[in-house]
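Reader: Hello! I am new to this structure and would love a close look at one single part of it. Could you walk me through the metal site and its surroundings?

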Amino acid sequence: MSEEQAASGLSWNERVIQEFRANNGRVGGMFEGAPMVVLTTMGRKTGKPHVNPAIYYKDGDRYLVFASNAGRGKNPDWYHNLLDSPQVTMEIGTDEGAVRPYATRAQVLEGEERDRYWELQCSLDPAFREYEEKAGRAIPVVALHPLDLGVITERSRMIGTQLLKHHADLRAELARVRAAVDETLTAGGADPRSMADLSEQLRKHCLTYCYGLQMHHIREDGSFSAFEKRFPHLVPAITRLREEHKVVEAALAEFEELLDKGGFQNPDDVARLRVELDRVVGGLEDHFRYEEETLLPALEV
Ligand SMILES: [Fe+2]
Ligand SMILES: [Fe+2]
């Protein structure tokens with residue numbers, strides 16, 4: 001880890017993830033030479049993307065990860081998150097020299113199968129045995145199954161149906177955020193206290209929306225890898241969709257910063273937010289439509 005990174009104010013996890021992404025999945029220090037993935041789960045309480053590095057064992061087409069939490073007594077947050085929502089995005093280094101995200105479905109291993117793979121992992125990397133002793137609990141073993149669009153199945157069709165549903169939810173939530181902004185603009189002018197209450201509500205609405213959209217795009221970026229493999233003619237369209245995700249992500253980050261500065265003291269602040277909001281979502285409707293037109297026919301939805 002460079003001095004520059006150490007001085008950057010990032011957390012230990014964030015530094016590892018930054019290094020992982022910059023070096024095609026390789027990380028130095030205590031993880032030198034270890035097979036690593038980065039997992040994104042959905043925060044079960046916040047809805048916010050939760051990102052963490054993990055050591056994996058590749059078993060055929062699936063990837064096994066271990067909820068050791070470095071020997072702490074409690075299971076890690078990412079494990080609780082995937083129990084709640086098993087769609088996990090897994091980033092991994094590739095032969096092309098850059099990390100790629102993959103959509104996976106998580107399955108917790110049970111009984112004899114769990115014990116067998118746990119023993120295998122401890123024999124490959126004795127640090128896991130130490131974690132187990134320190135933690136004093138049976139450490140869960142989770143299999144991640146990457147999305148495979150090789151044959152269009154019930155599961156792939158469900159991905160298409162979910163895409164439509166998520167877009168509908170995001171459109172509805174967006175309408176609510178806009179309504180909340182308008183309400184604040186109309187009602188908040190006269191009374192500073194009601195302005196503060198409304199601002200707080202507005203902030204919650206907006207953050208829920210930001211996190212929901214971020215999660216949606218992270219999961220899509222993962223499934224795009226499977227689409228590109230199965231439908232090479234879609235690569236140019238998917239490249240455009242990925243780029244649009246980056247534009248939206250950058251705009252959301254600015255938007256969140258604006259919210260974090262917080263404290264909408266007067267209607268002017270809310271009016272500025274409204275302009276920013278319109279800017280952020282300007283291209284979103286087009287993006288949703290283009291995505292539906294591109295991906296759904298391939299999934300036979
Ligand atoms: Fe998208
Ligand atoms: Fe989408």
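Author: Happily! One term comes before the rest: donors here are N, O and S atoms within 2.8 Å of the metal, and water is not among the atoms, so a site may look incomplete. Please also keep in mind that this is a predicted model.

Let us begin with the iron ion (ligand 1). Its protein donors come from Glu220 (OE), His245 (NE2), His287 (NE2) and Glu291, the last listed with two OE entries, and they lie 2.1 to 2.8 Å from the ion. Along the sequence, these donor residues follow the spacing E-x24-H-x41-H-x3-E. Glu220 also bridges to a second metal, the iron ion (ligand 2), with 3.2 Å between the two ions.

Now look at the two histidines. His245 belongs to helix H8 (residues 235-261) and His287 to helix H10 (residues 284-295), so this pair ties together parts that are 42 residues apart in sequence. Both His245 and His287 are buried.

From there, we can turn to the two helices themselves. H8 and H10 pack at an angle of about 155°, and their axes are 11 Å apart. That angle makes H8 roughly antiparallel to H10, and their crossing is left-handed. On the H8 side, the contact is made by Ala237, Ile238, Arg240, Leu241, Glu244, His245 and Val248. H10 brings Leu284, His287, Tyr290, Glu291, Thr294 and Leu295 to it. By type, the residues of this contact divide into 7 nonpolar, 3 polar and 3 charged. Notice some familiar names: His245, His287 and Glu291 are part of this helix contact and also provide donors to the iron ion (ligand 1).

Definitions and conventions:
Residues are numbered from 1 along each chain as its sequence is written. Chains are lettered from A and ligands numbered from 1 in the order in which they are written. This is a predicted model: local features need pLDDT of at least 70, side-chain atom pairs count only at pLDDT 80 or more; totals for chains, interfaces and linings use all residues. Side-chain values use heavy atoms; hydrogens and water are left out. Helices (H or I, at least four residues) and strands (E, at least two) are DSSP runs, numbered from the N terminus. Buried means under 20% relative accessible area, exposed over 50%, partly exposed in between (1.4 Å probe, protein chains only). Axes are lines fitted to C-alpha atoms, for helices over the stretch in contact, and angles run from 0 to 180 degrees between N-to-C directions. Angles under 35 degrees count as roughly parallel, over 145 as roughly antiparallel, 65 to 115 as roughly perpendicular and the rest as oblique. A crossing is left-handed if the near helix is turned anticlockwise from the far one by less than a right angle, and right-handed if clockwise. Contact means heavy atoms within 4.5 Å. Ala, Val, Leu, Ile, Met, Phe, Trp, Tyr, Cys and Pro count as nonpolar, Asp, Glu, Lys and Arg as charged, and the others, Gly among them, as polar.
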